[in-house]
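Welcome! Open your viewer, turn on a cartoon display, and get ready to select a few things by residue number as we go.

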Amino acid sequence: MKKLFLSPFFAPAFYTILWGILLAVVLLFFPDQKFAITTDGQIIDIVTYMGYALMLITMLCLCKDFKDKILCFVIYFLLGIAALLRESGIQHHLTNSDSTPFKSRFFLNPNNPLSEKIIYGTVLLIIFGMLIYLAIKYTKHLIVSFFKLNTITWSIATFCTVLVFAKFADRFPSNLRHSKGLDELPRSFIDIWSLLEESSEMFLPYLVVIIFAQYHLLKHDKA
């Protein structure tokens with residue numbers, strides 16, 4: 001079982017199989033409830049928050065594995081908290097003058113307070129700075145180790161692929177509507193893409209748990 005869990009193909013298989021089963025169950029048995037189960041407080045939302053709670057607990061429990069990488073661990077944990085806050089929709093409650101302070105239109109709108117632009121601009125710079133630091137530190141290693149079937153690298157690649165797809169699914173309906181000059185899209189079409197987005201995002205914290213658990217086991221196997 002441990003050997004299977006530490007396979008480079010475990011995370012891709014875990015996501016593909018479970019996501020496929022989830023979509024099949026919803027589309028085959030609950031086709032008229034696609035929108036209902038993706039709204040706040042429903043099953044996908046609940047499972048997602050459970051995942052984030054498990055993710056943060058796992059990070060804290062395995063923090064000793066990063067004694068030689070304290071800065072990286074702090075960045076991972078802060079990004080995890082940021083992801084949880086973003087998932088909870090906190091960005092929609094931070095300003096009274098706009099829908100969210102984390103979009104370019106917020107900073108370009110002259111009616112938004114300068115103080116808020118400075119505060120939230122600083123937050124964005126810190127987050128981007130942490131991501132850039134990780135990219136500079138690990139990109140070369142991840143590229144090389146990917147072709148060597150490194151377990152952690154493949155799990156991280158799975159996480160990044162799911163994240164990119166979720167963002168694509170989130171923006172695709174509105175981008176399509178704007179590109180086609182349509183006033184609105186069919187409700188069924190929007191529901192499908194909402195299901196794809198929310199169901200794929202649901203697995204992100206669980207993939208992080210897998211990555212940390214795999215790193216822990218591999219680190220102690222080498223010790």
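This tour begins with the whole chain, moves on to pairs of helices, and ends with a few single residues.

**Stop 1: the whole chain**

Before you select anything, keep in mind that this is a predicted model. Colour by secondary structure and look for helices and strands: the protein has 9 helices and 0 strands. Reading from the N terminus, the elements run α-α-α-α-α-α-α-α-α. Now rotate the C-alpha trace, which spans about 60 × 50 × 30 Å along its principal axes. How many of the 223 residues count as buried? The share is 37%. If you look at contacts with a separation of 6 or more, 68% of them are between residues 24 or more positions apart.

**Stop 2: helix 4 and helix 6**

A word on what to look for at the next three stops. Two packed helices are described by the angle between their axes and by the distance between those axes.

Select residues 70-87 for helix 4 and residues 114-146 for helix 6. The two pack at an angle of about 135°, and their axes are 11 Å apart. Roughly antiparallel would take an angle over 145 degrees, so helix 4 and helix 6 count as oblique to each other. Their crossing is left-handed.

Show side chains next. On the helix 4 side, the residues that meet helix 6 are Leu71, Cys72, Ile75, Tyr76, Leu78, Leu79 and Ala82. Their partners in helix 6 are Ile127, Met130, Leu131, Tyr133, Leu134, Lys137 and Tyr138. Sorted by class, this contact of helix 4 with helix 6 has 13 nonpolar residues, no polar ones and 1 charged.

**Stop 3: helix 7 and helix 8**

Select residues 151-180 for helix 7 and residues 187-202 for helix 8. Their axes come within 8 Å and cross at roughly 160°. Are helix 7 and helix 8 roughly parallel or roughly antiparallel? An angle over 145 degrees counts as roughly antiparallel, so that is the description that fits helix 7 and helix 8. Here, too, you can look for the handedness: helix 7 passes helix 8 in a left-handed crossing.

Display the contact residues. From helix 7 they are Val162, Phe165, Ala166, Lys167, Phe168, Ala169, Asp170, Phe172, Pro173 and Leu176. From helix 8 come Phe189, Trp193, Leu196, Glu197, Ser200 and Glu201. By class, the contact of helix 7 with helix 8 has 11 nonpolar, 1 polar and 4 charged residues.

**Stop 4: helix 3 and helix 8**

Keep helix 8 on screen and add helix 3, residues 43-61. Helix 3 and helix 8 pack at an angle of about 25°, with axes 9 Å apart. Since angles under 35 degrees count as roughly parallel, that is how helix 3 lies to helix 8. The crossing of helix 3 and helix 8 is left-handed.

Helix 3 brings Ile44, Val47 and Thr48 to the contact, and helix 8 brings Leu195, Glu198, Ser199 and Met202. In this contact of helix 3 with helix 8, 4 residues are nonpolar, 2 are polar and 1 is charged.

**Stop 5: residues in the loops**

Select Ser7, in the loop between helix 1 (2-5) and helix 2 (10-29). Its relative accessibility is 18%, and because buried means under 20%, Ser7 counts as buried. Leaving aside residues up to four places away in sequence, Ser7 touches Thr151 and Gln214.

Next comes Pro31, in the loop between helix 2 and helix 3. Pro31 is partly exposed, with a relative accessible area of 33%. Try your distance tool between the C-alpha atoms of Pro31 and Ser104: the two residues are 73 residues apart along the chain, and the atoms are separated by 36 Å.

Then go to Leu149, in the loop between helix 6 and helix 7. Leu149 is not a glycine, yet it has a positive phi of about 60°. At 41% relative accessibility, Leu149 is partly exposed.

**Stop 6: the cysteines**

Finish by showing cysteine sulfurs. A disulfide is a covalent bond between the sulfur atoms of two cysteines. How many disulfides are there here? The count is 0. Cys63, for instance, is in no disulfide, and the nearest cysteine sulfur, that of Cys61, is 8.1 Å away. Cys63 is partly exposed, at 30% relative accessibility. Cys160 is in no disulfide either: its nearest cysteine sulfur belongs to Cys72, 15 Å away. Cys160 is partly exposed, at 36% relative accessibility.

Key: Residues are numbered from 1 along each chain as its sequence is written. This is a predicted model: local features need pLDDT of at least 70, side-chain atom pairs count only at pLDDT 80 or more; totals for chains, interfaces and linings use all residues. Side-chain values use heavy atoms; hydrogens and water are left out. A disulfide is a pair of cysteine sulfur atoms within 2.5 Å. Buried means under 20% relative accessible area, exposed over 50%, partly exposed in between (1.4 Å probe, protein chains only). Axes are lines fitted to C-alpha atoms, for helices over the stretch in contact, and angles run from 0 to 180 degrees between N-to-C directions. Helices (H or I, at least four residues) and strands (E, at least two) are DSSP runs, numbered from the N terminus. Angles under 35 degrees count as roughly parallel, over 145 as roughly antiparallel, 65 to 115 as roughly perpendicular and the rest as oblique. A crossing is left-handed if the near helix is turned anticlockwise from the far one by less than a right angle, and right-handed if clockwise. Contact means heavy atoms within 4.5 Å. Ala, Val, Leu, Ile, Met, Phe, Trp, Tyr, Cys and Pro count as nonpolar, Asp, Glu, Lys and Arg as charged, and the others, Gly among them, as polar.
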